[in-house]
Amino acid sequence: MGSHARTADADQETARHAAAPPRVHPFRRVLNLVLGLVVLVVVALAAAVALVPAVVGGHSLTVLSGSMEPTLHVGSVAVIKPVDTAQVKPGDVLNFTDRDAATGQALVVTHRVVEVLPGPAFVTKGDANRTNDPVPVAAQDVHGVLWYDVPYVGGLRDRLVSPAGLAIAGGIVLLAIALALLVPKHAKEQ
């Protein structure tokens with residue numbers, strides 16, 4: 001009976017150690033938290049600048065000039081949604097094709113409507129500009145109105161989709177995987 005009691009005690013001790021989960025290494029906890037937050041931010045930004053505009057039939061673009069400062073900062077992503085041009089009113093921020101008569105070049109511009117003309121056509125002006133744009137915008141040249149913007153993301157987005165940016169992003173992913181593999185999963189029992 002004495003050996004049976006010892007076996008029961010040994011079994012209970014083994015069960016107690018087997019049931020206790022190993023402690024996660026503190027650095028791994030921090031690493032998991034940081035990587036989780038990074039993934040969450042990247043997914044949220046991707047949804048804000050790509051998924052949401054696609055769902056409403058709009059598009060996003062990077063602000064390249066300061067003509068709409070302080071409303072739209074250089075490097076922001078402007079999200080444009082389609083609009084019925086009959087509904088456009090002064091104060092709306094339009095995204096349109098500006099056809100330069102002198103060069104024949106077409107530029108995509110985002111400026112504020114200051115006046116609606118019959119036709120309709122729109123007199124526009126950049127918030128930071130002193131004068132109105134020289135030629136009214138025809139309704140057929142309007143792509144949509146500003147829905148919202150995401151500051152500072154445009155420059156990063158443009159760099160990431162370049163070949164060099166994709167290589168750097170891939171390197172960062174590989175570095176994160178290597179770091180995750182090198183950090184021990186469990187803290188040592190003492």
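Which helix gives the largest share of the nonpolar patch? In this predicted model, that share comes from helix H2, which spans residues 26–55 and supplies three residues of the patch. The patch lies on the surface and is formed by Leu 51, Val 52, Val 55, Val 56 and Trp 147, whose accessible area together amounts to about 440 Å². Val 56 is placed in the loop between H2 and strand S1, the latter covering residues 59–62. With a relative accessibility of 36%, Val 56 falls between the limits of 20% and 50% and therefore counts as partly exposed.

The chain as a whole contains four helices and seven strands, and its elements follow one another along the sequence in the pattern α-α-β-β-β-β-β-β-β-α-α. Of the 190 residues in the chain, 26% are buried, while the exposed surface comes to about 12700 Å², with carbon and sulfur atoms supplying 66% of it. Where contacts between residues at least 6 apart in sequence are considered, 60% of them join residues at least 24 apart.

The seven strands make up an open sheet with antiparallel pairing, in which the order of the strands is S1-S2-S7-S3-S4-S5-S6. The edges of this sheet are formed by S1 and by strand S6 (137–138), each of which pairs on one side only. Strand S5, comprising residues 121–125, is joined to S6 by two bridges in the antiparallel sense, and within this pairing Phe 122 stands opposite Val 137 of S6.

Strand S3 is mostly covered, as five of its seven residues are buried. On one pairing, S3 runs antiparallel to S4 and is joined to that strand by seven bridges, with Phe 96 standing opposite Val 109 in S4. On another, S3 pairs with S7, again in the antiparallel sense, over three bridges, and here the bridge partner of Leu 94 is Val 145 in S7.

Residues named in these pairings recur in the largest nonpolar core, which has nine members: Val 88, Leu 94, Phe 96, Val 109, Val 113, Phe 122, Val 137, Val 142 and Val 145. Two or more residues of this core are given by each of strand S3 (93–99), strand S4 (106–117) and strand S7 (142–150). Apart from this core lies another, of seven residues, which include Val 63, Met 68, Ala 78 and Ile 80. When neighbours within four places in sequence are left aside, Val 145 is in contact with Val 79, Ile 80, Lys 81, Val 83, Asp 92, Val 93 and Leu 94; Val 145 itself belongs to the nine-residue core, whereas its contact Ile 80 is a member of the seven-residue core.

A further position of interest is Val 116, which is found in strand S4. The relative accessible area of Val 116 is 35%, so this residue is classed as partly exposed. Although Val 116 and Val 88 are 28 residues apart along the chain, their C-alpha atoms are separated by 7.8 Å. The two residues are also in contact, and beyond its neighbours within four places in sequence Val 116 further contacts Lys 89, Pro 90, Ala 121 and Phe 122. Of these partners of Val 116, Val 88 and Phe 122 are listed among the nine residues of the largest nonpolar core.

How values were computed. Residues numbered from 1 in each chain as written. Predicted model: local features only at pLDDT ≥ 70, side-chain atom pairs only at ≥ 80, totals over all residues. Heavy atoms only, no water. Buried < 20%, exposed > 50% of the residue type's maximum accessible area, 1.4 Å probe, protein only. Contact = heavy atoms within 4.5 Å. Areas by Shrake-Rupley, 256 points an atom, 1.4 Å probe, with all protein chains shown as cover. Patch = residues over 30% accessible without salt bridge, like charges linked within 9 Å, V, L, I, M, F, W, Y side chains within 5 Å. Salt bridge = Lys/Arg side-chain N within 4 Å of Asp/Glu carboxyl O. Core = buried A, V, L, I, M, F, W, Y, C linked by side-chain atoms within 4.5 Å. Pairing = 2+ DSSP bridges.
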